[in-house]
Amino acid sequence: MTDPTTTDTDRALGFTIPDRHARGRIVRLGPVLDTILAAHAYPAPIEALLAEALTLSALIGSTLKDAGGQLTLQAQTQTGIVTLLVCDYKGGELRGYVQYDADRLAAGPENPSLFALFGAGYLAITFDQATTGERYQGIVPLDGDSLSAAAEHYFLQSEQIPTLVRVGVGGRVAGGLLLQHLPEGEDGRERLHTRLDHPEWEHVAILGQTMKAEELADPAIPLETLVWRLFNEEEEVRLHGDTGLVRGCRCSPDYIAQVLAKFPPEEQQAMADESGTIFVDCAFCARKFPVIPASRDDAEIVT
């Protein structure tokens, strides 16, 4: 029985099951998710969509070995109610936002499906490696019933890794589980055993599918307890270091000024309103930065 006074949120926990050649990641978002959503006042269907996307970003991003690396998740369409969804993860920092047609959303069903929101959309998952400067991207169609299903398709298609993803959203608390079957043996060995019908993976996947959405989104249940519930009969489960999660928009007055300073003074003047001020909006945190256009080679933030 869990202690009702305990809350376990805003962290990611990794684990491996050596005998099954499997690894996993489990996360839960609480105050971080609330802060990101509260900045935008989204309708309920958009909040739920962004909550799932942020949870996926934390699940996948926290697997990066490069501490300075970044994971970007982007879902987009040209004809859907949602025209753009962007989330990213970098060093435990999460941010995200959604662009959508409010009138079309209001005219649609109360609980729209993924297809109703995106139509013929796609999901792009991009890894930027800070150490090597390399970028890897995979793109899959949004033809399932959730972003989580599209993420599973991405790993199978782009990485050839059998993957199970589960996400639960309960208001402004969300949790997720990521399970993957890995190749046996030394690095470079042919992936003979990373196939969907391998008995090791079938066993792990069946157990993972028993995880309920409400368990993932229940802050009273420690993440370690959830791992134990799934795999307590395994011979060995290794828990790895956890990662704290925070809201991390990288906009700042100094950064905005540096970006604007790259434009010639005449272009800065053209961006200004009647009062002579440029207002720069950050889509991620919904803040506006007033800037006085430069007459030289820099721009000045209004304080």
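Colleague: How many cavities of 30 Å³ or more does the structure hold?

Modeller: This is a predicted model, where local features need pLDDT of at least 70, side-chain atom pairs count only at pLDDT 80 or more, and totals for chains, interfaces and linings use all residues. Residues are numbered from 1 along each chain as its sequence is written, and side-chain values use heavy atoms, with hydrogens and water left out. A cavity is a set of points, on a 1 Å grid over the protein atoms alone, where a 1.4 Å probe fits but cannot get out; lining residues have an atom within 4 Å of a point. At 30 Å³ or more, the number of cavities is 1.

Colleague: Which strand gives the largest share of the lining of the largest cavity?

Modeller: The largest cavity has a volume of about 40 Å³, the space filled by probe spheres set on the points, which are joined across faces, edges and corners. Its lining includes Ile 36, Leu 94, Arg 95 and Gly 96. The largest share, 3 residues, comes from a strand (a DSSP run of E, at least two residues, numbered from the N terminus). That strand is β5 (residues 93-100).

Colleague: How far from Glu 52 is the nearest side chain of opposite charge?

Modeller: Glu 52 is found in α2, a helix (a DSSP run of H or I, at least four residues). Glu 52 is buried (under 20% relative accessible area, 1.4 Å probe, protein chains only). Glu 52 has no salt bridge (a side-chain nitrogen of Lys or Arg within 4 Å of a carboxyl oxygen of Asp or Glu). Lys and Arg count as positive, Asp and Glu as negative, with His and the chain ends not counted; the nearest side chain of opposite charge, Arg 166, is away by 9.2 Å.

Notes: Buried means under 20% relative accessible area, exposed over 50%, partly exposed in between (1.4 Å probe, protein chains only). On a 1 Å grid over the protein atoms alone, a cavity is a set of points where a 1.4 Å probe fits but cannot get out, and a pocket is an open set with protein on both sides within 12 Å along at least five of seven lines; lining residues have an atom within 4 Å of a point.
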